[in-house]
Amino acid sequence: MVASTATSLFFTPSTPPKPSIKTQLSLPPILLRRSISFPRPLLQSRPSIPPPAASAAASTVDSGQEASATSKTPPLLPFRVGHGFDLHRLEPGLPLIIGGVDIPHDRGCEAHSDGDVLLHCVVDAILGALGLPDIGQIFPDTDPRWRGARSSVFMREAVRLMHEAGYELGNLDATLILQKPKLSPHKEAIRANLCEMLGADPSVVNLKAKTHEKVDSLGENRSVAAHTVVLLMRK
């Protein structure tokens with residue numbers, strides 16, 4: 001009698017009994033939905049895994065073939081996007097030049113060139129979109145040729161590289177950040193100058209100016225910064 005009771009307590013059938021129709025109908029709807037199989041087209045859309053033979057063959061590529069694969073010409077993308085950023089310290093007695101326009105102010109940007117923070121930023125955005133080195137590498141401050149140079153020289157070179165690569169400007173959006181002076185009276189002159197240098201219609205060149213709410217060096221009128229995003233389009 002004891003052995004029979006132990007067997008009934010610890011014995012578990014190999015397969016649980018199938019619930020009756022009445023029990024299945026009483027299950028919550030969410031549990032019933034879990035038993036529904038996915039349609040065959042969805043299962044067929046899963047990416048196929050290459051057979052082991054193909055993987056083994058791919059792993060036998062020698063170093064020479066790998067080098068030739070990586071040295072292929074990059075694809076000619078229909079669009080390219082670039083972002084530029086620049087910041088300069090403001091010092092008394094220096095000219096403040098933004099977008100090629102002289103802005104009356106008691107301070108100006110300290111830099112190896114004329115310190116035009118906006119043009120530097122636009123140049124970096126174009127170079128970035130083209131996948132080229134930044135402005136500091138192409139026009140290093142260790143080169144005496146660029147001592148006091150106008151940043152329009154850098155812009156002309158960036159535009160030349162853009163056209164040489166087969167692209168033209170799609171649109172440009174720039175943001176200037178400085179506490180003083182107010183740029184509202186100068187924004188249209190700056191934008192017109194940008195359009196001329198880029199050979200672009202004014203409708204695709206946007207310029208915004210922000211203060212820094214008197215926070216850190218920007219807000220304390222000790223520096224000026226700019227952000228730029230450009231979209232280049234294949235000609």
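In the predicted model, helix α9 (residues 152-164) and helix α10 (residues 187-198) approach each other with their axes coming within 9 Å and crossing at roughly 45°. The arrangement of α9 relative to α10 is therefore oblique. Two packed helices are described by the angle between their axes and the distance between the axes. On the α9 side, the contact involves S152, M155 and V159, which meet L194, M197 and L198 of α10. By residue class, this contact comprises five nonpolar residues and one polar residue, with no charged residue taking part.

A further helix, α7 (residues 117-130), is linked to this pair through L119, which is located in α7. Beyond its neighbours within four places in sequence, L119 is in contact with S152 and M155, two residues that also belong to the α9 side of the contact with α10. The contacts of L119 likewise include L194 and M197, both of which lie in α10 and meet α9. The remaining partners of L119 are G99, G100 and S151. L119 and L194 are separated by 75 residues in sequence, yet their C-alpha atoms are 8.3 Å apart in space. With a relative accessibility of 1%, L119 falls under the 20% limit and therefore counts as buried.

At the level of the whole chain, eleven helices and seven strands are present. Of the 235 residues, 31% count as buried. Among contacts with a separation of 6 or more, 74% are formed by residues 24 or more positions apart. The chain exposes about 15,200 Å², of which carbon and sulfur atoms supply 60%.

Several backbone features were examined individually. Most residues other than glycine have a negative phi, and most peptide bonds are trans. The bond between K180 and P181 is a cis peptide bond, with omega of about -5°; P181 is placed in the loop between β5 and α10. Strand β5 (residues 167-177) is the element with the highest confidence in the chain, at a mean pLDDT of 97.

Positive phi values occur at D216 and N221. D216, which is not a glycine, has a phi of about 50° and is found in helix α11 (residues 216-219). Its relative accessibility of 37% lies between the limits of 20% and 50%, so D216 counts as partly exposed. For N221, likewise a residue other than glycine, phi is near 60°. N221 is situated in the loop between α11 and β7 (223-234). At 10% relative accessibility, under the 20% limit, N221 therefore counts as buried. The two residues thus fall into separate accessibility classes, D216 being partly exposed and N221 buried.

Confidence varies along the chain. The average pLDDT is 79, and 69% of the residues score at least 70. Over residues 1-12 the pLDDT is below 50, and this stretch has zero contacts in the model beyond near neighbours in sequence. A second stretch, residues 30-61, also has pLDDT under 50; for this stretch the model has five contacts beyond four places in sequence. Helix α4 (residues 40-44) has the lowest confidence, with a mean of 41.

Definitions and conventions:
Residues are numbered from 1 along each chain as its sequence is written. This is a predicted model: local features need pLDDT of at least 70, side-chain atom pairs count only at pLDDT 80 or more; totals for chains, interfaces and linings use all residues. Side-chain values use heavy atoms; hydrogens and water are left out. pLDDT is the predictor's confidence in each residue, from 0 to 100. Helices (H or I, at least four residues) and strands (E, at least two) are DSSP runs, numbered from the N terminus. Contact means heavy atoms within 4.5 Å. Buried means under 20% relative accessible area, exposed over 50%, partly exposed in between (1.4 Å probe, protein chains only). Accessible areas come from the Shrake-Rupley method with a 1.4 Å probe; for residues, only the protein chains shown count as cover. Axes are lines fitted to C-alpha atoms, for helices over the stretch in contact, and angles run from 0 to 180 degrees between N-to-C directions. Angles under 35 degrees count as roughly parallel, over 145 as roughly antiparallel, 65 to 115 as roughly perpendicular and the rest as oblique. Ala, Val, Leu, Ile, Met, Phe, Trp, Tyr, Cys and Pro count as nonpolar, Asp, Glu, Lys and Arg as charged, and the others, Gly among them, as polar.
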